[in-house]
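Welcome! Work through these short exercises with the viewer open, and try each one yourself before you read the solution.

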Amino acid sequence: MALITNRLLVFFGLIVLLLNPVKVQAAVDKGEMMEFEAGKNIMAHVVDAHDWHLWGHSSIPLPVIIYSKARGLDVFLSSAFHHGEMTWKGYMLNKDKKVVAVKEMESVPAEQATLHEKLTPHLWDLSITKNVTSLIISIILLCLIFISVANTYKRNPNRPPRGLQSFLEPIIIFVRDDVIKTGIGPKYEKYVPYLMTLFFFIWFNNMLGIIPFFPGGANLTGNIAIAMTMAVLTLIITSLSGNKHYWQHIFAMPGVPKWVLIILTPIELMGVILRPFVLMIRLFANIVAGHIIILSFFSLIFIFSENGANPGAGFGVGVVSLIFTVFMTSLEVLVAALQAYIFVFLSAIYIGSAVEEAHDHGVSHESI
Amino acid sequence: MELVKPEFGLIFWMTISFGILVFLLTKFAWKPIMKALKDREQSIENSLKSAEKARSEMANLKADNEKLLVEARNERDQILKQARDTKDQIINEARGKATEEADRLIKIARESIHNEKMAAITELKNQVANLSIEIAEKIIRQQLATDEKQKALVVEMLKDVKLN
């Protein structure tokens, strides 16, 4: 494992090394004298987008899918918006790069358009955004990796693992034995597929998020909607698996005076919601924080170089921020695995608490 | 703030695609992988068990062999001891018989010697007697060869006779 971590570290170090001067150079070449807004830039990188920025002014346009009762379904490429400068079919991108409805149905420059205040809140934006694209890419890759590994298992039954299989097998066994079995207990088998998928999905996407260029770079696991979906799935599975013992402990804690239940039951119920909520926040905040820190180090270069006006300071700070970025990126590699582990382990513990059979009291059964 | 506002579209796509991912991986990856892992663990466990069994069987066999060996050794010792005993017995018996025979022979010999001796002595006695008689006869014949001598003898004898 140590070797792999070292190699990844070197790999990401190289990527950062390669990328950093290019970025600085680009800014210097263009000679843009605009004020560099670090906060805005960083946010633009960590949130979702309707196109996939590659470099400079190059980006991959992605499909915009908008549905509303009034206008029906509209599907077109995001390049129609010209990076938010034009409207298209009665829609445009607002300053947060979100699709909003405008009154003009023909294509006009964005600043001349008038916002359709009534319709905008009723728009269903099902666009294939940067994150959705990244999601699909990661799903295809995960399927390819694991189905090929599964086929290796089928081809060579009862043989020592080889190739990709030998890299993944210890992780699979670790997740099965030390995460899922430990968290859930003897009835773990039913939950292995979900939790295993969850672990590798989070880990893989965390890693993809660290890679700064296509097909990585989308901040998928650091997106609250993604984290929320997974946390809600865990909540649903936990609630559906909950046995009598579990619900009894929530609604009528045994061995507690009736009047205490008036206080205890709402607390327990809150705990049911709070647990997935904390899962969501932990994953989202950790990943997004990592991205923000790395982007902040990069932004420092542009701030100190006054966006290209002072290249010397930019290079000077660049060296320092590079060292910090390498350090942070390697830390992020660790965090990527750690957060996947924590999310899945806690999910397993929550499911475990729901399927656990009644036992002697005095054993702690609460954990958030 | 946009960062902490979950987008509906993303939740929608995430639910669908994550569902598909879970389905696909369950069907095509986790089930075969888990089965393969379990099978392999089972086979390793079985192999270990059978190895253990073979080892214990070997140990049993070895113990049996040892036992057989010990038994065989004991038997050999016993047979050897018996043989030795028999040998001793035979020797003793033979020795006894030989002694007896020797004794008997010696006794017979002694008797025969004794008899011979006795016969020889008797014969010698007879011869001596005969010789003595002959000698005496000769002496007497010589002493009484003349009349004077006979007369002298008679005188001699008559001298001793006391006439009461």
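**Exercise 1. Confidence**

In chain A, in which helix is confidence lowest, and in which is confidence highest?

*Solution.* Keep in mind that this is a predicted model.
- Step 1: Colour chain A by pLDDT and look for the two extremes. Helix α1 (residues 2-30) of chain A has the lowest confidence, with a mean of 46, while helix α5 (residues 192-210) of chain A has the highest, at 95.
- Step 2: Look at the weak region more carefully. Over residues 1-33 of chain A the pLDDT is below 50, and beyond near neighbours in sequence this stretch has 36 contacts in the model.
- Step 3: Now take each chain as a whole. Chain A averages a pLDDT of 84, with 88% of the residues scoring at least 70. For chain B the mean pLDDT is 90, and 99% of its residues reach 70 or more.
- Step 4: Finish with the scores for the model, which are ipTM 0.83 and pTM 0.74.

**Exercise 2. A small sheet**

Work out the order of the three strands in the open sheet of chain A.

*Solution.*
- Step 1: Start from strand β3 (residues 63-68) of chain A, which six bridges join to β4(A). Three residues make the hairpin between β3(A) and β4(A).
- Step 2: Check one pair in this part of the sheet: Pro63(A) has Leu77(A) in β4(A) as its bridge partner.
- Step 3: Turn to the other neighbour. Two bridges join β3(A) to β7(A), and these strands run antiparallel. Here Ile66(A) stands opposite Asp125(A) in β7(A).
- Step 4: Put the strands together. The order is β4-β3-β7 (chain A), with antiparallel pairing. The edge strands are β4 (72-77) and β7 (124-125) of chain A, each of which pairs on one side only.

**Exercise 3. A long helix**

Compare the reach of helix α8 of chain A with the span expected for its residues, then find its kink.

*Solution.*
- Step 1: Helix α8 (residues 258-304) of chain A has 47 residues, and at 1.5 Å a residue the expected span is 69 Å.
- Step 2: From its first C-alpha to its last, α8(A) reaches 65 Å, close to that expectation.
- Step 3: Follow the axis of α8(A) to Leu264(A), where there is a kink of about 35 degrees, shortly before the proline Pro266(A).
- Step 4: Look past the end of the helix. Glu306(A) follows α8(A) and has a positive phi, near 50 degrees.

**Exercise 4. Chain B and its contact with chain A**

How many residues does each chain give to the contact?

*Solution.*
- Step 1: Get to know chain B, which has two helices and zero strands. Its C-alpha trace spans about 205 × 30 × 25 Å along the principal axes.
- Step 2: Test chain B against a compact globule of 164 residues: the globule would have a radius of gyration near 15 Å, but chain B has 66 Å.
- Step 3: Count the contact, which takes 40 residues from chain A and 31 residues from chain B.
- Step 4: Find the main contributor on the side of chain A that touches chain B. The largest share, 13 residues, comes from α3(A).
- Step 5: Sort that side of chain A by class, and you get 29 nonpolar, seven polar and four charged residues.

How values were computed. Residues numbered from 1 in each chain as written. Chains lettered and ligands numbered in written order. Predicted model: local features only at pLDDT ≥ 70, side-chain atom pairs only at ≥ 80, totals over all residues. Pairing = 2+ DSSP bridges. Helix = DSSP H or I, 4+ residues; strand = E, 2+ residues; numbered from the N terminus. Expected span 1.5 Å × (residues − 1). Bend = angle between axes of the 7 residues up to and from the residue. pLDDT = per-residue confidence, 0-100. Contact = placed C-beta atoms within 7 Å. Nonpolar A, V, L, I, M, F, W, Y, C, P; charged D, E, K, R; others polar. Rg over C-alpha atoms; globule rule 2.2 N^0.38 Å.
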